[in-house]
Amino acid sequence: MEKLRRTVAVVEDDASLRRSLGRLLNAYGFLAEEYASAEDFLARDRKTAIDCLVLDIDLGGMSGIDLQRRLKAEGIILPVIIITALEAGSVKAEAEKVGCVAYLQKQFSGAALIAAINKALGS
C-alpha cells in the first residue's frame, strides 16, 4: 500500500526562496503548497488539508506570527515552523509563545528544515 504524502504549506514572500523550499519538500516526498502572503494562505481552498506550516515572520502584510494567532483563534491547530532573517531574541520568544515547534534562522540548511518538519509531524 502506498504511503500518503503529507502536505506542507510554505508561506514566504520571497518568490525564489518559496520555490526552492517547494522543490526541496517535493524531493523529500512531501506535497508542497506555496503562498506569497498570509492573506493568500487564508484565502486558499480549504478542501486541501495542511499537515504542517512553514512560515516566514516578515511577510509585508500580516506577519507570520499574526497568521499563527489567527489560525489558533479559528481553532486551526497546525505544527508551525518559523523561518526568519530577523535576529531579535524577542521575536523568537514571541514565536515560541504562540506555539511554533521550530524556529530556523535564514540561512538554515535543507536538512535542518526537513528534520524540523519530520519532528513536527512525528515522523
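The legends below describe an overall view and several close-up views of one predicted model. Residues are numbered from 1 along each chain as its sequence is written, and side-chain values use heavy atoms, with hydrogens and water left out. Because the model is predicted, local features need pLDDT of at least 70 and side-chain atom pairs count only at pLDDT 80 or more, whereas totals for chains, interfaces and linings use all residues.

**Figure 1. Overall view of the chain, with five helices and five strands.** Helices (H or I, at least four residues) and strands (E, at least two) are DSSP runs, numbered from the N terminus, and along the sequence they follow the pattern β-α-β-α-β-α-β-α-β-α. The radius of gyration, taken over C-alpha atoms, is 13 Å, close to the 14 Å that the globule rule (2.2 Å times the number of residues to the power 0.38) gives for 123 residues, so the chain is as compact as a globular protein of that length. Along the principal axes, the C-alpha atoms fill a box of roughly 45 × 30 × 25 Å. Of the 123 residues, 42% count as buried, where buried means under 20% relative accessible area, exposed over 50%, and partly exposed in between, with a 1.4 Å probe and protein chains only. Among contacts (heavy atoms within 4.5 Å) between residues at least 6 apart in sequence, 62% join residues at least 24 apart.

**Figure 2. Close-up of the largest nonpolar core, which has 23 residues.** A nonpolar core is a set of buried Ala, Val, Leu, Ile, Met, Phe, Trp, Tyr and Cys residues joined through side-chain atoms within 4.5 Å. The residues with the most contacts inside this core are F41, L53, L55, L67 and I82, and at least two core residues are supplied by each of β1 (7-11), α2 (38-42), β3 (52-56), α3 (64-73), β4 (80-84) and α4 (89-97). Setting aside residues up to four places away in sequence, L53 touches A9, V11, F41, L71, L78, P79, V80 and I81. A second, separate core of 17 residues includes V10, V54, I83 and F108.

**Figure 3. Close-up of T84 in strand β4.** With a relative accessibility of 1%, T84 counts as buried. Its contacts, not counting residues up to four places away in sequence, are with D56, I57, Y103, L104, Q105 and K106.

**Figure 4. Close-up of the cysteines C52 and C100, whose sulfurs are 11 Å apart.** The model has zero disulfides, a disulfide being a pair of cysteine sulfur atoms within 2.5 Å. For C100 the closest cysteine sulfur is that of C52, and the separation of 11 Å is too far for a bond. C52 counts as buried at 0% relative accessibility, and C100 is buried with a relative accessible area of 12%.

**Figure 5. Close-up of R44 in the loop between α2 and β3.** R44 is buried yet has no salt bridge, and the nearest side chain of opposite charge, that of E33, is 5.6 Å away. A salt bridge is a side-chain nitrogen of Lys or Arg within 4 Å of a carboxyl oxygen of Asp or Glu; Lys and Arg count as positive and Asp and Glu as negative, while His and the chain ends are not counted. Leaving aside neighbours within four places in sequence, R44 is in contact with Y35 and I50.

**Figure 6. Close-up of A73 in helix α3.** A73 is exposed, with a relative accessible area of 70%. The C-alpha atoms of A73 and F30, which lie 43 residues apart along the chain, are separated by 27 Å.
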